[in-house]
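Colleague: Please take a close look at one part for me: the protein surface that faces the DNA. Start with how the copies are arranged, then go through the contacts.

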2 protein chains.
Amino acid sequence: MNSPGDVLDLISRGDAGTRAELARITGLARSTIAQRVEALIAHGLVEERETGASTGGRPPRVLRLNTDRNHVVGVDLGATHCRVALMDIGGALLADREDPLLITEGPEPVMRHIEERMRELLAEAGRPLETVKAVGIGVPGPVEFATGRPVNPPIMPGWHEYPVPAHFAGRYDFDVLVDNDVNTLALGELRHGRTAAENLLFVKVGTGIGCGIIAGGRLHRGAQGAAGDIGHIRVPGAGDAPCRCGNTGCLEAVAGGGALAARLTEAGVPAADGRAVAALAAAGEPLAVRLVREAGRGIGDVLAGLVNFFNPEAIVVGGALAAVHEPLLAGVREVIYRRSLPLATNRLTVAPSGAGEKGGALGAGRLAIDHVLAPEQIDRALAGRAAGPASAAR
Amino acid sequence: MNSPGDVLDLISRGDAGTRAELARITGLARSTIAQRVEALIAHGLVEERETGASTGGRPPRVLRLNTDRNHVVGVDLGATHCRVALMDIGGALLADREDPLLITEGPEPVMRHIEERMRELLAEAGRPLETVKAVGIGVPGPVEFATGRPVNPPIMPGWHEYPVPAHFAGRYDFDVLVDNDVNTLALGELRHGRTAAENLLFVKVGTGIGCGIIAGGRLHRGAQGAAGDIGHIRVPGAGDAPCRCGNTGCLEAVAGGGALAARLTEAGVPAADGRAVAALAAAGEPLAVRLVREAGRGIGDVLAGLVNFFNPEAIVVGGALAAVHEPLLAGVREVIYRRSLPLATNRLTVAPSGAGEKGGALGAGRLAIDHVLAPEQIDRALAGRAAGPASAAR
DNA sequence: CCCCTTTCGTCGAAAATCGACGAAAGTCGC
DNA sequence: GCGACTTTCGTCGATTTTCGACGAAAGGGG
């Protein structure tokens, strides 16, 4: 329970910033703490930069993660874009870049693009390659997390069972983590946004609709990594709108960006996709605003049920359609507070994503950080045993 | 990671039955294991009863939980009954009794009843009171688990905020855990039934409809302990049946035992409650069978959405209405496999509860067992520090 | 400027853990 | 039936980890 890894954990979470605090919290002797800290410093994981303010006695030496020698890369892959972010181990964003990129081009070109961007960002920030300890990648589809293979992703043809980490294996010395983008978004919100909740739902409303689930402070991926696929839940109020999945009345067919764009186009206001709908709504186009608000109601209808079931303390809404918070969230809140049980809603907050456009990449980076700083991982590193090769993880 | 408590954990889970196995699994030296086992035996937690079969060398001495000196009590409180079960720490049922008891009589009489039955069962089984290490109680309503207080339970007037553990505090030396009965049922299924799943939903179909959630092997209680209240989720297909909660189209109004009984009575077949409906269906009354199957479809409609969202590997159905598996489960399966995504259903099992009538009490006992055997709890006991007083827990 | 407080490093003492050894208790082959 | 081999288990000294006391460092306050 109080291994060296746990000591680092306390430092990284900001629970303890000095040796004395660590000793107080863990209950270990100060000399033991001193020895552990020494080891962490020797391994380049922790540094003493400044000395803190005195509280009446000798001022403490402040410990912090060594952000100069430990970095991660977070990648947010969308249907039509790719954002690569370089972060230090403390979670600070050092550099990032977004490019248009069609995920339909298949894994190999995309992976090469990521690799190239990663090297560019490192050069730009003046950090050596060896300081990258892990890479996190969020992809728009279900993933078998343990092996980093997408499984039958609907909008990623050619990626089925492609072993993403294998692309880096052997040639690099970092681990590669791959996850569904809604999960990285949820992580990003949990650790970079304003919402600190043990039980959190991140709802991404784009062309499709998905949901990242934090249960008891940990990501819930479900039995096959398929959890959170709420786009094809039937909406109670809605009619029989046909969905591409073959069923009717799915949330995606009612409130997805594609469905809204089609309806808008049909009504004489051309819109290509969810992003365009959001732009029109933001510009004040009345029909677009009305459709977005109605979409919010549809989403709220489904979420109302999930609130009863899951009882989260926070729901965060993001994705292309959430670029216009007001009408969407208004619709969502309206239905949730009407349909869900009081006990489940009296402390529930429904808010827009606080991490913004970069949330996906930041969350993917956070996935990598959490992997690197996991106590077991640290204990292994300090024990001298080299971590596994640059492949899958956990 | 390898404290004495973890050693006991391996023994209690059946992962290791001998000192040599413990050493192999933990990686600790045999002498260290021997010392830990000695401490556990000295504290009466473990015993050596028999000596195992040789595998070619000296036969091992088999370690097991000391079931003679460690017991728990599990209590299943329903609207109209109370079952008290005496179990040993290994989970074996020693004696139990069910009595009719109206929970509406209020906390004090009910608690006195439990206390009395507990003493009777102990006398019957010839076990001294001091061997009871914890008591688990499942109640039909939401509970703030940390304090053991029901919060606004709809069918338990007078129980709001009543501190259940306080009834025993001071007079006994065990901890008291209180939880929603769907949670104890889920635990019972997980540990006593046939279903070993990390992600499990236990759906209880009685007068109301509730759901116990196991996420990643642990109970998910949600932000306010209100998780799993699926009875008031709106059913997609259903109409506007009014519900006692004030909304319309709730699952409970469509498929709850009360609603079915009312509809059956209306049609000229008098039935008092869900139990009566089940009895009629079991006897072959055609209308009852049809209604139960339709209720199954309604439940399936809601579960189909939850399967997409939560991606469990198993759904277990119990409760009064589930006494007739076939029509109910047929309806549930029919809709789930039609409406949920293939990835989420291809390994999903939908089964009746394997624990039977006593599942609730057994699960409550298991809640108590898990509390007693939690590694931190064991480490504390072995370190000499007395556990907290006979009150709340965790 | 002296006393008090808090932090931190050092070092011997105490405790936990390990590893080697030998005895116990069985199987297997001749 | 007997000896060689295997596996388990207890013991005990050696090693490693952890603790606790001591004193020095570094600042605040009167």
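**Two copies and a DNA strand**

Modeller: This is a predicted model. A turn of 180° with a shift of 0.0 Å along the axis lays chain A on chain B, at an RMSD of 0.1 Å. That is the relation of a two-fold axis. Both copies use the same surface: 100% of the contact residues of chain A recur in chain B. Within chain A, A:P236 comes closest to the rotation axis, its C-alpha lying at 1.8 Å.

Now the DNA. Around DNA strand C there are 20 residues. The nearest are A:G57, A:R58, A:R61, B:T32 and B:R36. Of the atoms of DNA strand C that come within 4 Å of the protein, 64% belong to sugar and phosphate.

Bases are reached too. A polar backbone atom of A:R58 is 2.6 Å from a base oxygen of DNA strand C. From chain B, a backbone N or O atom of B:G56 lies 2.9 Å from a base nitrogen of the strand. A:R61 takes a phosphate instead: one of its polar backbone atoms is 2.6 Å from a phosphate oxygen of DNA strand C.

Which elements give two or more residues to this surface? They are α2 (19-26) of chain A and α3 (30-42) of chain B.

As for composition, the surface near DNA strand C has 9 polar residues, 6 charged and 5 nonpolar.

Methods: Residues are numbered from 1 along each chain as its sequence is written. Chains are lettered from A and ligands numbered from 1 in the order in which they are written. This is a predicted model: local features need pLDDT of at least 70, side-chain atom pairs count only at pLDDT 80 or more; totals for chains, interfaces and linings use all residues. Side-chain values use heavy atoms; hydrogens and water are left out. Copies are superposed by least squares on the C-alpha atoms of residues with pLDDT of at least 70 in both. Contact means heavy atoms within 4.5 Å. A residue is near a molecule or strand if one of its heavy atoms lies within 4 Å of it. A polar contact is a pair of N or O atoms within 3.5 Å; within protein, one must be able to donate a hydrogen and the other to accept it, and residues adjacent in sequence count only if both atoms are side-chain atoms. Helices (H or I, at least four residues) and strands (E, at least two) are DSSP runs, numbered from the N terminus. Ala, Val, Leu, Ile, Met, Phe, Trp, Tyr, Cys and Pro count as nonpolar, Asp, Glu, Lys and Arg as charged, and the others, Gly among them, as polar.
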